[in-house]
Amino acid sequence: MRLKQRYNVSAAEVDFQDTWQRTKIAITAVSSAKHATELELQNALKLIDSFPEIERTITDMDWL
């Protein structure tokens, strides 16, 4: 996956595996600073948005 090659994130398909043209992907990142994590996740989302065939509809961010 391009996300994992370019950015320090992990990604997994977590829902809708059997549904055509729909998926739910979880992207995670770990660092000692929240700001660095936010930048990495924002860059990953920009990469996803750069593909016109992908429509990102809902994005939630949780901090633990």
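1. Secondary structure. The protein, seen here as a predicted model, contains two helices and two strands. Read from the N terminus, these elements follow the order α-β-β-α, with a helix at the start and another at the end of the series.

2. Overall dimensions. Taken along the principal axes, the box filled by the C-alpha atoms is roughly 40 × 25 × 20 Å.

3. Burial and contacts. Of the 64 residues in the protein, 14% are buried. Among contacts with a separation of 6 or more, 28% join residues that stand 24 or more positions apart.

4. Surface. The exposed area of the protein comes to about 5500 Å², and 49% of this area is supplied by carbon and sulfur atoms.

5. Charge. The side chains include 8 positive and 10 negative ones. The centres of these two sets are 5 Å apart.

6. Largest pocket. Its volume is about 1400 Å³. The lining of the largest pocket comprises 36 residues, and those nearest the centre of the pocket are Ile 25, Ala 26, Ile 27, Leu 45 and Ile 58. The elements giving two or more residues to this lining are helix H1 (2-6), strand E2 (24-28) and helix H2 (34-49).

7. Main contributor to the lining. Which element gives the most to the lining of the largest pocket? Helix H2 does, with seven residues. Of the residues nearest the pocket centre, Ile 25, Ala 26 and Ile 27 fall within strand E2 (24-28), while Leu 45 falls within helix H2 (34-49).

Note on methods: Residues are numbered from 1 along each chain as its sequence is written. This is a predicted model: local features need pLDDT of at least 70, side-chain atom pairs count only at pLDDT 80 or more; totals for chains, interfaces and linings use all residues. Side-chain values use heavy atoms; hydrogens and water are left out. Helices (H or I, at least four residues) and strands (E, at least two) are DSSP runs, numbered from the N terminus. Buried means under 20% relative accessible area, exposed over 50%, partly exposed in between (1.4 Å probe, protein chains only). Contact means heavy atoms within 4.5 Å. Accessible areas come from the Shrake-Rupley method with a 1.4 Å probe; for residues, only the protein chains shown count as cover. Lys and Arg count as positive and Asp and Glu as negative; His and the chain ends are not counted. The place of a charge is taken as NZ of Lys, CZ of Arg, CG of Asp or CD of Glu. On a 1 Å grid over the protein atoms alone, a cavity is a set of points where a 1.4 Å probe fits but cannot get out, and a pocket is an open set with protein on both sides within 12 Å along at least five of seven lines; lining residues have an atom within 4 Å of a point. Grid points are joined across faces, edges and corners, and a volume is the space filled by probe spheres set on the points.
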